[in-house]
Amino acid sequence: MATKKYYGKEGQESKEPVVFFKILSVGYLNNINSDRQLIAYCSNSLLMRFF
């Protein structure tokens, strides 16, 4: 992956850019403004795991 060299080595593990933008698009389409609510929604939704 071309952007792998820019990932952080300390702290929390970085998300892949494609996954990150998919999560953001789900938040936009479902009108979820909170990051915590968005992560909870994506973690609990089986449809999101296939997306």
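Where does Asn 31 lie? It sits in the loop between H1 and H2 of this predicted model, and the close-ups below start there.

**View 1. Asn 31, just after H1.** Asn 31 comes after H1, and its phi is positive, near 55°. Asn 31 takes on that positive phi although it is not a glycine. Is Asn 31 buried or exposed? Its relative accessibility is 62%, and exposed means over 50%, so Asn 31 counts as exposed.

**View 2. H1 and its buried face.** This helix has 13 residues, and from first C-alpha to last it reaches 18 Å, close to the 18 Å expected at 1.5 Å a residue. Which residues of H1 are buried? They are Ile 23, Val 26 and Gly 27. Seen down the axis, these buried residues fall within an arc of 100°, so they line one face of H1. In an α-helix, residues three or four places apart point the same way, because there are 3.6 residues a turn. The buried residues of H1 pack against H2 and helix H3 (46–50).

**View 3. The other side of H1.** Turn to the face away from the buried side and you meet the exposed residues Val 18, Phe 21, Tyr 28 and Leu 29.

**View 4. The largest nonpolar core.** Six residues make up this core: Ile 23, Val 26, Ile 32, Leu 38, Cys 42 and Met 48. Helix H1 (17–29) and helix H2 (35–44) each supply at least two of them.

**View 5. Around Ile 32.** Ile 32 is one of the core residues. Set aside its neighbours within four places in sequence, and Ile 32 is in contact with Gly 27, Gln 37, Leu 38 and Tyr 41.

Terms used. Residues are numbered from 1 along each chain as its sequence is written. This is a predicted model: local features need pLDDT of at least 70, side-chain atom pairs count only at pLDDT 80 or more; totals for chains, interfaces and linings use all residues. Side-chain values use heavy atoms; hydrogens and water are left out. A nonpolar core is a set of buried Ala, Val, Leu, Ile, Met, Phe, Trp, Tyr and Cys residues joined through side-chain atoms within 4.5 Å. Buried means under 20% relative accessible area, exposed over 50%, partly exposed in between (1.4 Å probe, protein chains only). Helices (H or I, at least four residues) and strands (E, at least two) are DSSP runs, numbered from the N terminus. Contact means heavy atoms within 4.5 Å. The expected span of a helix is 1.5 Å times one less than its number of residues. The arc is that of the directions from the helix axis to the C-beta atoms.
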